[in-house]
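Please work through the exercises below with the sequence and the model at hand. Each task is followed by a solution in steps.

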Amino acid sequence: MRPYGCRGDAAPPLGPLAPTLVRATTFAHGSAEALRAVGAGERDGEFYPRYGHPAARAFESAVAEAEGVDGAVSFASGMAALHALFCAPLGDGLVAVARDVYGGTTALLEKDLPRFGIRVVRFDPFGTLDFKGARLVHIETPTNPLCRVVDVARVAKAAHAAGALLSVDATFAPPPLQRVCSLGADIVMHSATKYMGGHSDAIGGVVGGRHEHLQAIEGFRRRTGGILGPDTAWLVARSMKTLALRARQQSETAGRLARFLAGRKGVAAVHYPGLLGHPDHAVARRQMEMPGAMLAFEVEGGLAAAVRVYDRFRVIGRAVSLGGVETIASLPVHTSHAMVPAADRARMGVADGLIRLSVGLEPFETLAGDLQQALPT
Ligand code: PLP
C-alpha cells in the first residue's frame, strides 16, 4: 500500500514531493475577468484562503483517499468539524446522537445547538434503534474510554430506513484500521489532533463523504470561517503519509499489551476489542482491519489504587488526548468523565479505578516493563 497523500501511482512522481505551503491571504490575477472567474469557481486558481488553500486541499485529498470517499473538508479542530456537521444544511429534522460520545460533543449538543433551534435526541447504539423524524444520526466508534465497537452497518440500516444520514466520529480508529463509509456510513469525521496529526503538535478536524453532503458542509465552513490554517494543514498533510504505518504498529503493540495486562495481579478488567471476552469482539473482527491502539484497564482497589499505579509510570506519559507516537495514559474519572455524576459513570461501566492508554510507537517490551513495575507485585 502506498502512503496516503503521495502522488505517482502509475508513473514516477514529478514536482515537489511534499505539500505546498502557501501563507498568502490574497492573490493577484491578470484581469477583472480572471479574478471574477476564479471567485465564481469557473476557473482554477487561488482566491481567498477561508474558501480553501493548497495545504488544506493536500490534507483533504489524503483523507479522502484514506477513507475511500469522494472528498473531505478540513477544520481548525475536531470540535469545529462537529459544529459544521451538526449545523450545515443537511436536511430537516432531529439530530440523533449516541449516548457514548466525547464529552465536548455532548457539551455542544446540550449547551449550544438547542439555542439555534436544532433539536437533539440521544440513543443507545447497542439497543433498539428507531430514528423516526431524524435528519442525521451520529455515533462514535470505538467509544471512549471502554472501546465499545458500534455495529456501523446495523445503525446505517436503521438511519437510512428513517430517511436520515449516518455520520461517524472515527477518531479512535483511523484508516486503515476501519473505513466506516464502506460499512454504510454517509459521513466520517475525525479529530485530526489525534492519529491523523499523530505527533501531538497539531490541532485540526476533518469531515469526509460524498460530494453532495460536503458541498453543504464546505458552504457552512465558508460562512463560519472554521477552516484549518495553512501551517497546521501542512503538518497534518505530511503526517498522513505515515498514518497507515503508525496506526497498524500502534494497534499491534496495543493488542500485545492488552493480552499482557489481562489476568495480571492487580488488574480487575481489560477493555480492548481485540480480546475474546470483549462484548464487541465479533463486531470488531467483522468491521475493523485491526482493533486499534486505545485500551483501558481497571485497577483493583478503585481510584486510590489506580492513582498509585498511574503515578509510578516512568515511560508512559500522564496526559490527556490520544493518537500520538508517545504512549500516554489518563484517568477518565479525573479527565474525560470528571463532569459525569458518579452514578451515571457506574451505569456506563466507567469504574473509578480505570486507566486509559493511548499506545504509541515505543517497543512492546518497554511499555510492558513500565506497566509491570507500576502494578502491584
Ligand atoms: N471526537 C473525539 C472522539 C475526541 O476524543 C475529541 C477530542 O478529544 C474530539 C472529537 C474533539 O477534537 P478536538 O480536540 O480536535 O477539537
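Two exercises follow, one on a sheet and one on aromatic rings.

The model is predicted, so local features require pLDDT of at least 70 and side-chain atom pairs pLDDT 80 or more, whereas totals for chains, interfaces and linings use all residues. Residues are numbered from 1 along each chain as its sequence is written, and side-chain values use heavy atoms, without hydrogens and water.

**Exercise 1.** Determine which strands stand at the edges of the open sheet.

*Solution.* Strands are DSSP runs of E, at least two residues, and helices runs of H or I, at least four, numbered from the N terminus. Two strands pair if DSSP finds at least two bridges between them.
1. The order of the 5 strands is E8-E9-E12-E11-E10, with mixed pairing.
2. Strand E8 (267-271) and strand E10 (317-318) each have a single partner strand, so they are the edges, and one side of each lacks a neighbour in the sheet.
3. Strands E9 (residues 294-299) and E12 (residues 354-358) run antiparallel and are joined by 5 bridges; Leu 295 stands opposite Leu 357 in E12.

**Exercise 2.** Classify the ring pairs that link Phe 47, Tyr 48 and Tyr 51.

*Solution.* Rings of Phe, Tyr and Trp (its six-membered ring) pair if their centres lie within 6.5 Å; planes under 30 degrees apart are stacked, over 60 edge-to-face, and the rest tilted.
1. The search of the whole structure yields 5 aromatic pairs.
2. For Phe 47 and Tyr 51, the centres are 5.8 Å apart and the planes at 40°, so this pair is tilted.
3. Tyr 48 and Tyr 51 are edge-to-face, at 6.0 Å centre to centre and 90° between the planes.
4. Ring pairs thus link Phe 47, Tyr 48 and Tyr 51 into a cluster.
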